[in-house]
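Trainee: Could you take me carefully through the metal site in this model, and then through the helix packing that can be described around the same parts of the chain? I would like one connected account rather than a list.

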Amino acid sequence: MKRRDFLVSTFASALAISALDFKQAHAYNIPYNGLIDIQMNGKSQYLDDYTPFIDENNRTMVPLRFVSEKFGRTVDWHEESRYAIIRDDDSKALYFPVHSNFYIRNDGETIEMDTESVIHNNRLYIPLRYLAEELSLRVDFTFNNNKPLIVLEDKLYINSRNPDLKSYSVYPFNATILYTYNDLVADLNWLKRYYGDVLDIHSMGKSTSGEYDIWGIRLGNGEKVATAHGAMHGNEWLNIPILIEQIKEYASLYKSNGYYQGKNVRQLLDDVSIHFIPSVNPDGTALCQFGAYAFPQRAEELYRLNNNHVPAGYDFTRWKANINGVDLNRNMDTGMRELLRDDISNRRRPGFLEPTYAFFMGDDVESEVESKILCNHYRQKNSVLLLDYHSSGRILYWNFSNTNYNRQDDGSFVQVPDLLTTQARKIASAMSSVTGYINHDASAVHNNTTINRWGTYRLQIPSITVETTNVVDVQRTVGAMKFMNAYFNERSRVLYATLTAVAAI
Ligand SMILES: [Zn+2]
């Protein structure tokens, strides 16, 4: 059965799964008694002895050796010191002690886990989440004939089913299929190590779940701050590695006092510094990449949100919102909430009036911590550019000067100063000339509560939305790169053109 058919046919039975079973199991601190099946690289395993289970911290535990060996790793057990070592063909090794809430990499780094490894059925069990991240596995948590099923796939297997993706693994960042939060942290650690003296890398706060940091990276001493943020929409995570690659290239040029197109980069960035916020909505991105399973404690609630309005079962690949089901790019104060609500109610514009995977504006402006973090950053007094990365259409949206569409809830109309419109046009033109992206007059897109409109109305700084791929549906893998070649290939030039245009205004 194809996966989609499978999801549709099990949709009803999945709903019938009683949460009680899991909860009762927790109450008595015993494994879920229905057994959890596991499928690895397309092969189902039904060995009761090896069954995964949910521990008292609500974490899914899997047998370390069984899973690691299936994915080509070797495992050694040290009886005396009671720990297991997982090794791959390269030099990577992982040390997992028994009854510990941490493990150690061979480079000395200790990683804390949110639950303890245990011996169960005479085998060492560790939380699936960490093993999956270390082995770069894609995880799906689903149901098969009313039984929970964990589906694990590695990149080779996924590539073998999608041969056209292979050629895209040559891109310089370390992700052939997904670019996860772990990939982001690994890149930031790398940047700290090599460019920590020129980059200011800092957490701007935690995401709603509290599990992830929202990272800010500043380069340059310019008092004027241009900012680029990505992945407000969780499923549009492909822009995260683009921004990271820009940071790598410009940090290198800055540190070496290098030149780009004949101009000294340090001089440019000491005039206008650049602040990157690559991943505004890490909860939403984790949901898109790993499904409800990414947040086991909220999985049932998230499943419900994902099936409001337009059911998609356990398929979260379309997820844009944050973990509360609020679309962060509808959560801003543009003075148009009532008009937008009215449009949605009367089906003049697509949208939803309650939490779900996308298009819900939230109960109030900036009701979400991610929105607050982002808006507070832009409100700093020397903010000179708002660059908002999305993934649909290879378009630059910039112009909000058409007063007919600037109507506020109170009936007044916002006047966008001509100078501001001119500045935004110059920057968008510079970006368009490098990428060939359509320079789109957004003034005909009305009644919305998006961040670029907020930046234009409330902060009166040039605010541009960049849509980097053809269609948002291809966001599932890095294979989508082929739809955004121009932007990816020209990422250095486009940043240079942008900063030069900002410096000139
Ligand atoms: Zn978007």
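Mentor: In sequence, the residues that donate to the zinc ion follow the spacing H-x2-E-x153-H, and in this predicted model the protein donors are H233 through ND1, E236 through OE, listed twice, and H390 through ND1, lying 2.0 to 2.4 Å from the ion. The 4 donor atoms subtend angles of 56 to 140° around the zinc ion, and the arrangement is therefore irregular, since four donors would count as tetrahedral only if all angles lay between 85 and 135 degrees. Water is not among the atoms, so the site may look incomplete. E236 sits in the loop between β16 (224–230) and α7 (239–255), whereas H390 belongs to strand β20 (residues 383–390), so the pair ties together parts that are 154 residues apart in sequence.

The helix that follows that loop, α7, leads us on to the packing of helices. α7 packs with α16 at an angle of about 75°, their axes being 10 Å apart, and the two are therefore roughly perpendicular to each other. On the α7 side the contact is made by I242, E245, Q246, E249 and Y250, and on the α16 side by R491, S492, V494, L495 and Y496; by class, these residues divide into 5 nonpolar, 2 polar and 3 charged.

Helix α16 (residues 491–504) also packs with helix α13 (residues 418–435), at an angle of about 160° and with the axes 9 Å apart. These two helices are therefore roughly antiparallel to each other, and their crossing is right-handed. From α13 the contact draws on K426, I427, A430, M431, V434 and T435, which meet R493, V494, A497, T498, A501 and V502 of α16, and the residues of this contact comprise 8 nonpolar, 2 polar and 2 charged. V494 of α16 thus appears in the contact with α13 and also in the contact with α7.

A further helix pair completes the account. The axes of helix α12 (residues 369–378) and helix α14 (residues 451–459) come within 12 Å and cross at roughly 40°, which makes α12 oblique to α14, and the crossing in which α12 passes α14 is right-handed. Here L374, C375 and Y378 in α12 meet I451, W454 and L459 in α14, and this contact has 6 nonpolar, no polar and no charged residues.

Conventions
Residues are numbered from 1 along each chain as its sequence is written. This is a predicted model: local features need pLDDT of at least 70, side-chain atom pairs count only at pLDDT 80 or more; totals for chains, interfaces and linings use all residues. Side-chain values use heavy atoms; hydrogens and water are left out. Axes are lines fitted to C-alpha atoms, for helices over the stretch in contact, and angles run from 0 to 180 degrees between N-to-C directions. Helices (H or I, at least four residues) and strands (E, at least two) are DSSP runs, numbered from the N terminus. Angles under 35 degrees count as roughly parallel, over 145 as roughly antiparallel, 65 to 115 as roughly perpendicular and the rest as oblique. A crossing is left-handed if the near helix is turned anticlockwise from the far one by less than a right angle, and right-handed if clockwise. Contact means heavy atoms within 4.5 Å. Ala, Val, Leu, Ile, Met, Phe, Trp, Tyr, Cys and Pro count as nonpolar, Asp, Glu, Lys and Arg as charged, and the others, Gly among them, as polar. Donors are N, O and S atoms within 2.8 Å of the metal (3.2 Å for Na, K and Ca); water is not among the atoms, so sites may look incomplete. Four donors count as tetrahedral if all angles lie between 85 and 135 degrees; four count as square planar and six as octahedral if opposite donors are over 155 degrees apart and all others between 65 and 115; anything else is irregular.
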